[in-house]
Amino acid sequence: MPRPAVLFLPASIRSHLIPAFYLAGLLRDRYDVYFAVTDRVLEELVEAQGYRPVIISGIKAGLGMEAGYLQKRGEKVTRMRVVRAILKNEVYQYRRQELNALMDRIQPEAVWGD
């Protein structure tokens, strides 16, 4: 029988990731512990601690990341296109789809984020 999962969604910087390892350590005996991270360096850090890393994008809604989102999609970044992305909440929709897919894949019993 598979063990239940717990998903950590810390800010993708070491100063947020490392303190989460303490709580993860308290849970590791009863749960499969996953960490969503945005780059290979943090992925290696999570693996070194014995947890399961999952790479996600660094695109987040509400932080003015429309230009980066458009670049990631291979689109030309113009003021008009950025404004249209803002008005249509494209980054929010992208992030929502990404996190829903992550939840469907891992099916965690609990999610912790900061």
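Biologist: Is N89 buried, exposed or partly exposed?

Modeller: This is a predicted model, and the values here are computed from it. The relative accessibility of N89 is 44%. Buried would need under 20% and exposed over 50%, so N89 counts as partly exposed.

Biologist: Where is N89 placed, and what value is its phi near?

Modeller: N89 sits in the loop between α4 and α5. The residue comes after α4. It is not a glycine, yet its phi is positive. That phi is near 55°.

Biologist: Which residue other than glycine has a positive phi near 50°?

Modeller: The residue in question lies in the loop between α5 and β4, which spans 110-113. Its relative accessible area is 61%, and the limit for exposed is over 50%, so it is exposed. The residue with phi near 50° is Q107.

Biologist: Which residues of helix α4 are exposed on the side away from its buried residues?

Modeller: Helix α4 covers residues 79-87, and R81, V82 and A85 are buried in it. These three span an arc of only 100° around the axis, so they lie on the same side of α4. In general, an α-helix has 3.6 residues a turn, so residues three or four places apart point the same way. On the other side of α4, the exposed residues are R79, M80 and L87.

Biologist: Which helices do the buried residues of α4 pack against?

Modeller: The residues concerned include V82 and A85. One partner helix spans 66-72 and another spans 90-106. In that order, the helices are α3 and α5.

Biologist: R81 carries a charge-bearing side chain; which residue meets it in a salt bridge?

Modeller: R81 has 8% relative accessibility, under the 20% limit, so it counts as buried. Its partner has a relative accessible area of 24% and is partly exposed. The two side chains meet at 2.7 Å, N to O. The partner of R81 is E75.

Biologist: Why are E98 and R95 separated by about one helical turn, and what is their N to O distance?

Modeller: E98 and R95 are three residues apart in helix α5, which is why about one helical turn separates them. Both E98 and R95 are buried. Their side chains meet in a salt bridge, and the N to O distance is 3.1 Å.

Biologist: Which residues are joined into one network by salt bridges that share partners?

Modeller: One bridge in the network runs between E47 and R40, with the closest N and O atoms 4.0 Å apart. E47 is partly exposed at 40% relative accessibility, and R40 is partly exposed at 46%. The residues joined into one network are R40, E43, E44 and E47.

Biologist: How many salt bridges does the count come to?

Modeller: Side chains of opposite charge can pair when their charged atoms come close. The pairs counted include R81 with E75 and E98 with R95. The count comes to nine.

Biologist: F21 and Y51 form an aromatic pair; is it stacked or edge-to-face?

Modeller: The ring centres are 5.7 Å apart, and the planes differ by 25°. Planes under 30 degrees apart count as stacked. The pair of F21 and Y51 is therefore stacked.

Biologist: How many residues apart in sequence are the parts that the pair ties together?

Modeller: F21 lies in helix α1, residues 14-27. Y51 lies in the loop between α2 (40-48) and β3 (52-55). F21 and Y51 are both buried. The pair ties together parts whose separation in sequence, in residues, is 30.

Biologist: Which residues do ring pairs link into a cluster?

Modeller: A search of the whole structure finds six aromatic pairs. The stacked pair of F21 and Y51 is one of them. Ring pairs link a cluster made of F8, F21, F35, Y51 and W112.

Biologist: How far apart are the C-alpha atoms of R3 and R30?

Modeller: R3 lies in the segment before β1, which spans 5-9. At 39% relative accessibility, R3 counts as partly exposed. R3 and R30 are 27 residues apart along the chain. Their C-alpha atoms are separated by 7.1 Å.

Biologist: Which residues offer a backbone oxygen to the side chain of R3 at 3.0 Å and at 2.7 Å?

Modeller: Leaving aside residues up to four places away in sequence, R3 touches R28, D29, R30, Y31 and D32. A polar atom of the R3 side chain lies 3.0 Å from one backbone oxygen and 2.7 Å from another in the case of a second residue. The 3.0 Å distance belongs to D29, and the 2.7 Å distance belongs to Y31.

Definitions and conventions:
Residues are numbered from 1 along each chain as its sequence is written. This is a predicted model: local features need pLDDT of at least 70, side-chain atom pairs count only at pLDDT 80 or more; totals for chains, interfaces and linings use all residues. Side-chain values use heavy atoms; hydrogens and water are left out. Rings of Phe, Tyr and Trp (its six-membered ring) pair if their centres lie within 6.5 Å; planes under 30 degrees apart count as stacked, over 60 as edge-to-face and the rest as tilted. Helices (H or I, at least four residues) and strands (E, at least two) are DSSP runs, numbered from the N terminus. Buried means under 20% relative accessible area, exposed over 50%, partly exposed in between (1.4 Å probe, protein chains only). The arc is that of the directions from the helix axis to the C-beta atoms. Contact means heavy atoms within 4.5 Å. A polar contact is a pair of N or O atoms within 3.5 Å; within protein, one must be able to donate a hydrogen and the other to accept it, and residues adjacent in sequence count only if both atoms are side-chain atoms.
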